Amino acid sequence: MRKLAIGALLAALAAPCGAGAGAQQQQSGKDSVYEELNLFDEAFERVRQDSVDPVTDKKLIGAAIAGMLSGLDPHAAYLDPAALKTEKVAGGGEPGIGVAVTIVNGEPKVISPRDGSPAAEAGIKPGDLIFSIDKQPTYELSLVEIEQKLRGPAGSSVALVLRRGNGGPIRLTLKRAALAAQTVTSRVIEGNLGYLRVAGFDGGTQAALAAAVQQLRDETGGKLAGLVLDLRNDPGGDFDAAVAVADSFLDKGDVAVVKGRNPGATKHISAMPGDLAKGLPIVALVNGGTAREAELVAGALQDNHRAILLGTKTFGESAIETLIPLGTGGAIRLTTTRFATPTGREIDGKGLEPDLTVTPLKLQKLAQEEVLHEADLPGALKNPDQPVPAAAKPGAKPAPPGAPPGATATPPPKTAPSVATGEIGGADDEQLTQALDVLRGLAVFNRRASG
């Protein structure tokens, strides 16, 4: 069956196609693919015949697809039928520990834990390395396998060994829980300033945000003077929900620019009339745990001059992944598009720089802590706004054994302090204190300008 499928494909590629220069180029491309498929066919047969342990065709094909995708970017993956079923269940809220992870140099690292999740309550921070799950080393697992291992029945336990920066191992045993966490929380601060915490994005986030703003207005007797929008340690979520949240504070302009492989497919997402905050000043808090769709919101507000970004640089990931079913019952998770800010600034591999950089004072001492950014990931999508790296300087650390000729060792992730989700919005939150100072100043300025 496999021989027939490959043979049919090769025959199709070898079929004649039109005349002229275009046809010659097309034929040249087909010849190249023909050679590569022959190479795959040869390797496939050698493994089937000579592997010390018998291996099924199904396993070999699955491994080949997984390997092909793993070389694209940190998010592409192959899901066999069992993994796909788990993925669909997880999309409906399968219990877990509530942490977004990514892979760097074969090791899973935390992007950010979700508010109220077992991971957040245990003090897991952005940048933490997950060394093992239930005593199984994670270096031998794919991202899909890691995600599956972190999920499980509510109340079941999972044992983790973490490493934070240059510190020693951190051993935790967490109980999985249902993750229907509240994405929006709010409260009044200092009489007339509103605090909005957005911890993720789902179908109910925009409605919850609108209700929260109205409640803040009611609690302040209609004298609400400004808003702090806290997007720190927000790993993202539903794309359309994030667009709706950003649109809520924009009366006009673009929310984001979505770019695909074909330049002609670029799409501008425009804001609808109406500002939920009715022009009140906004300070948005961001950090290295602000990722993906949370960066879409931050970028939209920054580019439209609707909010001041305060904090530290964001994670730097704007990939939009598509789950594409395959005929075997499995699927591939593939990065098909990515978004940029309204003015066209790329986010992937770069992140968003805040207008005001504020690092928590007590965390400045923790210089050894690592905050991982998208640019640090092997195979990260290239950002055209970033300069091409210079050649390695003399004396640079050599690459590990087996690396391509001329390569040097991957530099360690950029160091910056991270913050536990449980510390956000508390009495000792220096970034929030600074945001309130800025917001008070903006409120006074607006009153004088309007008077």
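# A walk from Arg338 outward

Begin by selecting Arg338, which counts as buried because its relative accessibility is 18% and the limit for that label is under 20%. The model on the screen is a predicted one, and the stops below should be read with that in mind.

**The charged group at Glu346**

Keep Arg338 in view and add Glu346: the two side chains meet in a salt bridge, with 3.8 Å from N to O. Glu346 is itself counted as buried, its relative accessibility being 5%. Which other side chain does Glu346 meet in a salt bridge? Add Lys259, whose side chain meets that of Glu346 at 2.8 Å, N to O. Because Glu346 belongs to the loop between S16 and strand S17 (356–357), while Lys259 belongs to strand S11 (residues 254–259), this pair ties together parts of the chain that are 87 residues apart in sequence. Unlike the buried Glu346, Lys259 counts as partly exposed, with a relative accessibility of 24%. For a further set of charged side chains, select Asp115, Arg197, Asp230, Arg232 and Asp429 together, since salt bridges that share partners join these residues into one network. In total the structure holds 19 salt bridges.

**Across to Arg164 and Asp128**

Another of these pairs is found by selecting Arg164 and Asp128, whose side chains meet in a salt bridge at 2.8 Å, N to O. The two residues are 36 apart and link distant parts of the chain, Arg164 being in the loop between strand S6 (157–163) and strand S7 (169–175), and Asp128 in the loop between helix H5 (118–121) and strand S4 (129–133). Is each partner buried or partly exposed? Arg164 is partly exposed at 22% relative accessibility, whereas Asp128 is buried, with a relative accessible area of 0%.

**Aromatic rings**

Turn next to the rings, of which the structure holds 2 aromatic pairs. Select Phe40 and Phe44 to see one of them: the ring centres lie 5.9 Å apart and the planes meet at 45°, so the pair is classed as tilted. Both residues are in helix H2 (residues 21–50), where a spacing of 4 residues separates them by about one helical turn. Phe40 counts as partly exposed, with 30% relative accessibility, whereas Phe44 is buried, with a relative accessible area of 4%. Now select Phe239 and Phe339, an aromatic pair that is likewise tilted, with 6.0 Å from centre to centre and 45° between the planes. Phe239 lies in helix H8 (residues 239–248) and Phe339 in strand S16 (residues 331–340), so this pair ties together parts that are 100 residues apart in sequence. Phe239 is buried at a relative accessible area of 18%, and Phe339 is buried at 0%.

A ring also appears at the next stop, where the selection is Arg187 and Tyr195: the charged end of Arg187 sits over the ring of Tyr195, 4.7 Å from its centre.

**The nonpolar cores**

Which residues have the most contacts inside the largest nonpolar core? They are Leu196, Phe201, Leu229, Phe249, Val255, Leu296 and Val297, in a core of 42 residues. To colour the core by element, select strand S9 (193–198), helix H7 (205–219), strand S10 (226–230), H8, S11, strand S13 (282–286) and helix H9 (293–303), each of which gives two or more residues to it. Apart from this core lies another, of 18 residues, including Val110, Ile130, Ile133 and Leu162.

Return to Leu196 and show its surroundings: beyond its neighbours within four places in sequence, its contacts include Thr185, Leu209, Val213, Leu229 and Phe249.

**Val184, then the whole model**

Select Val184, in strand S8 (residues 184–189). Val184 is buried, with a relative accessible area of 5%, and, not counting residues up to four places away in sequence, it touches Arg197, Val198, Thr205, Ala208, Leu209 and Ala212. A distance label between the C-alpha atoms of Val184 and Gly204, which are 20 residues apart along the chain, should read 9.3 Å.

Finally, zoom out to the protein, which has 10 helices and 17 strands. Buried residues make up 46% of its 451 residues, and the protein exposes about 22400 Å², with carbon and sulfur atoms supplying 57% of that area. Of the contacts between residues at least 6 apart in sequence, 71% join residues at least 24 apart.

Conventions: Residues are numbered from 1 along each chain as its sequence is written. This is a predicted model: local features need pLDDT of at least 70, side-chain atom pairs count only at pLDDT 80 or more; totals for chains, interfaces and linings use all residues. Side-chain values use heavy atoms; hydrogens and water are left out. Buried means under 20% relative accessible area, exposed over 50%, partly exposed in between (1.4 Å probe, protein chains only). Contact means heavy atoms within 4.5 Å. Accessible areas come from the Shrake-Rupley method with a 1.4 Å probe; for residues, only the protein chains shown count as cover. Rings of Phe, Tyr and Trp (its six-membered ring) pair if their centres lie within 6.5 Å; planes under 30 degrees apart count as stacked, over 60 as edge-to-face and the rest as tilted. A charge sits over a ring if NZ of Lys or CZ of Arg is within 6 Å of the ring centre and within 35 degrees of the ring normal. A salt bridge is a side-chain nitrogen of Lys or Arg within 4 Å of a carboxyl oxygen of Asp or Glu. A nonpolar core is a set of buried Ala, Val, Leu, Ile, Met, Phe, Trp, Tyr and Cys residues joined through side-chain atoms within 4.5 Å.
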